[in-house]
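Subject: Handing over a structure for you to look at

Dear colleague,

I am passing on the structure we spoke about, and I would be glad if you opened it beside this message while you read. My notes follow directly below it.

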Amino acid sequence: MKLKALTVIAALACGSLYAQTVEVKDAWVRTTVPGQKATGAFMKITAKEGAKLVAASTPVAGVAEVHEMKMEGDVMRMLAVQGGLDLPAGKTVELKAGGYHVMLMDLKTALPKDSTIPLTLVFKDAKGVESKVELKVPVATVAPGAKADAKPEDKAAMEAHKR
Ligand SMILES: [Cu+2]
């Protein structure tokens, strides 16, 4: 995955989804070109009672993992988050370029701008009970709501659904 400058994510509540006590907002996945094998998905997650993001999956990628990017000296490294991404109660955790993200690898298709992909997130609460959130995530070159790309069509594409 190519590293780009941090994208400013505007706090537009143009797509929100409630599944039990976990809320996912402003989800998007970065466009790819044919032949590109990996990309990242980004979003804001709030678990009202605390939870962990333990898994992700999508039919467009062979592998989906929760990753963290860290600077080690001058080198940006990505690591799979072990044991799930901690979502403290009531605190919004932002998955964004340069930080946490859902890494989609072994892509089976190119992801053109303005398409959407299904993405399933699996959360585990403090009691160990798992819940799934199904999203339809818009494919974009920049975060939805970022000024450079704020078009009405992008907002329409933000619609998420609950199963
Ligand atoms: Cu990654």
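What follows goes from the whole chain to the strands, then to the core and to one residue.

Please keep in mind that this is a predicted model. The protein chain has an average pLDDT of 81, and 77% of the residues score at least 70, but two stretches call for caution. Over residues 1–19 the pLDDT stays under 50, although the model gives them 46 contacts beyond four places in sequence, and over residues 149–163 the pLDDT also stays under 50, with 28 contacts beyond four places in sequence.

As for the overall make-up, the protein chain has one helix and eleven strands, and in the order of elements from the N terminus the helix comes after the strands. Of the 163 residues, 35% count as buried, and among contacts between residues at least 6 apart in sequence, 69% join residues at least 24 apart.

A good place to begin is strand S10, residues 116–125, which runs antiparallel to strand S4, residues 51–57, and is joined to S4 by six bridges. S10 also runs antiparallel to strand S11, residues 130–140, and here nine bridges join the two, with Ile-117 standing opposite Val-137 in S11. S10 and S11 form a hairpin with four residues between them, and in that turn Gly-128 has a positive phi of about 90°.

The largest nonpolar core has 36 residues, of which Ala-41 and Leu-104 touch the most other members. Among the elements that give two or more residues to this core are S2, S3, S4, S9, S10 and S11. If you centre your view on Ala-41 and leave aside residues up to four places away in sequence, you will find that Ala-41 touches Ala-27, Val-29, His-101, Val-102, Leu-104, Leu-119 and Val-137.

Finally, please look at Ser-57, which lies in strand S4 and stands opposite Thr-120 in S10. Not counting residues up to four places away in sequence, Ser-57 touches Ala-64 and Thr-120, while its C-alpha atom is separated by 8.5 Å from that of Val-122, a residue 65 places apart from Ser-57 along the chain. Why does Ser-57 count as partly exposed? Ser-57 has 18 C-beta neighbours inside 10 Å, and because a residue needs 20 or more to be buried and 12 or fewer to be exposed, a count in between is classed as partly exposed.

With best wishes

Technical notes. Residues numbered from 1 in each chain as written. Predicted model: local features only at pLDDT ≥ 70, side-chain atom pairs only at ≥ 80, totals over all residues. Pairing = 2+ DSSP bridges. pLDDT = per-residue confidence, 0-100. Contact = placed C-beta atoms within 7 Å. Core = buried A, V, L, I, M, F, W, Y, C linked by C-beta atoms within 7 Å.
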